[in-house]
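Here's a walk through one protein chain, from its overall build down to a few individual residues. Have the sequence and the model open side by side as you read.

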Amino acid sequence: MVDRGLANKYGIGKTTVAEIWRAFGLKPWRQDSFKISPDPDLIEKVRDLVGLYINPPDAAAVFAVDEKPQIQALDRTAPTLPMLPTTPQRATHDYERNGTVDLFAALDIARGTVITDIRKTHTQNDFVAFLNKINREVPDELAVHVILDKSLCHKAPAVQRWLLRHRRFHLHFTPNVRLLDDMVERWFSLSRQKSSNDRRIAAPKRSLRTSLPGWLNGTGTRSRSSGTRQPSRFLERLAGYCAAIKGGAPAIGQWGAGA
């Protein structure tokens, strides 16, 4: 134990060490991680994306879009025994793999609803098919703003040609290293927690493709966008990290204070 080692080193009791940690709010057994984005357009993207979250444009729908690739379709090697009084549900520890499916999701950050599509692969053509689905479900009079990462399929030639034919769509890309809250990722986390058809639970592929849409349609409206910090607060915090790891940071005005 760390506290016992420190106590022996300095000739004090381990209870005293624990009290010192408590008094100063120290938790040496915990460690956070951070990453400074090298994206040269970081400031512009922060302002753009946070602006879409906290002040969406009029007559427009804003979607956070992401994909969850290779969701495994698994099947247990023997039938699962149901739960009974005093007896838990029982299943074999081993399973058979029955292929994978890819889940595309677009979360409407204003209404909290989710448009989903299940595909066999994750290619530029699959992404175009998903954009077509969004296009069909959003009223024609609305512009469509899509927040997504810089995956190669998002900038592929087929996608660029599609955008030329659908001028109401506008793509907004996150920084090279994500630093902002991704609302659709939170929704994916919810789906992993509550759906019985995630990577860890047995479900044959035929069942996975038929049962996932029903569950997703029933949970889409449960995901609600939470508050997003103003760009200036985010950039001030980033400047603080720079000061801590490099011994200095740009002036707040250089980061865009007052944004």
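Helices here are DSSP runs of H or I with at least four residues, strands are DSSP runs of E with at least two, and both are numbered from the N terminus. On that count, the protein chain has nine helices and five strands. Keep in mind that this is a predicted model.

**The chain as a whole**

If you read along the sequence, the elements come in the pattern α-α-α-β-β-β-α-β-α-β-α-α-α-α. The chain runs to 259 residues, and 38% of them count as buried. Take the contacts between residues at least 6 apart in sequence: 69% of these join residues at least 24 apart. As for the surface, the protein chain exposes about 15600 Å², with carbon and sulfur atoms supplying 51% of that area.

**Helix 5 and its two sides**

Let's zoom in on helix 5, which covers residues 157–165. Which of its residues are buried? They are Ala158, Val159, Trp162 and Leu163. Looking down the axis of helix 5, you'd find these buried residues within an arc of 135°, so they line one face of the helix. The cover over them includes helix 4 (124–137) and strand 5 (169–173). Now flip to the face turned away from the buried side: there you meet Pro157 and Leu164, both exposed.

**The second largest pocket**

Next up is a pocket, the second largest one, with about 220 Å³ of space in it. Its lining is made of 16 residues, and those nearest the centre are Ala61, Phe63, Asp108, Arg111 and Leu142. Strand 1 (60–76) and strand 3 (114–119) are the elements that give two or more residues to this lining. Which element gives the most? That's strand 1, with four residues. In terms of chemistry, the lining of the second largest pocket splits into 12 nonpolar residues, one polar and three charged.

**The loop between strand 1 and strand 2**

Strand 1 also leads into a loop worth a look, the one that ends at strand 2 (95–108). Thr86 sits in this loop, and its phi is near 70°, a positive value in a residue other than glycine. How accessible is Thr86? Its relative accessibility is 83%, so it counts as exposed.

Pro79 is in the loop between strand 1 and strand 2 too, and at 71% relative accessibility it's exposed as well. His93 is another residue of that loop, exposed with a relative accessible area of 73%. Thr92, also in the loop between strand 1 and strand 2, is partly exposed, with a relative accessible area of 22%. Buried means under 20% and exposed means over 50%, so the 22% of Thr92 falls in between.

What does Thr92 touch, once you leave out residues up to four places away in sequence? The answer is Arg76, Thr77 and Ala78. Arg76 turns up again with His93: their C-alpha atoms are 7.8 Å apart, with their positions 17 residues apart in sequence.

**Another loop residue with positive phi**

Ala59 is in the loop between helix 3 (42–54) and strand 1. Its phi is near 55°, again a positive value in a residue other than glycine. Ala59 counts as exposed, given its relative accessibility of 52%.

**Pairs across the sequence**

A last stop is Pro38, found in the loop between helix 2 (14–24) and helix 3. Pro38 is exposed, with a relative accessible area of 57%. Its partner in the table below is Pro175, 137 residues away in sequence. The table puts that pair next to those from the loop between strand 1 and strand 2, so you can look each one up in the model.

| Pair | Separation in sequence | C-alpha to C-alpha distance |
|---|---|---|
| Pro38 and Pro175 | 137 residues | 8.4 Å |
| His93 and Arg76 | 17 residues | 7.8 Å |
| Pro79 and Arg90 | 11 residues | 9.2 Å |
| Thr92 and Leu81 | 11 residues | 9.3 Å |

Conventions:
Residues are numbered from 1 along each chain as its sequence is written. This is a predicted model: local features need pLDDT of at least 70, side-chain atom pairs count only at pLDDT 80 or more; totals for chains, interfaces and linings use all residues. Side-chain values use heavy atoms; hydrogens and water are left out. Buried means under 20% relative accessible area, exposed over 50%, partly exposed in between (1.4 Å probe, protein chains only). The arc is that of the directions from the helix axis to the C-beta atoms. Contact means heavy atoms within 4.5 Å. On a 1 Å grid over the protein atoms alone, a cavity is a set of points where a 1.4 Å probe fits but cannot get out, and a pocket is an open set with protein on both sides within 12 Å along at least five of seven lines; lining residues have an atom within 4 Å of a point. Grid points are joined across faces, edges and corners, and a volume is the space filled by probe spheres set on the points. Ala, Val, Leu, Ile, Met, Phe, Trp, Tyr, Cys and Pro count as nonpolar, Asp, Glu, Lys and Arg as charged, and the others, Gly among them, as polar. Accessible areas come from the Shrake-Rupley method with a 1.4 Å probe; for residues, only the protein chains shown count as cover.
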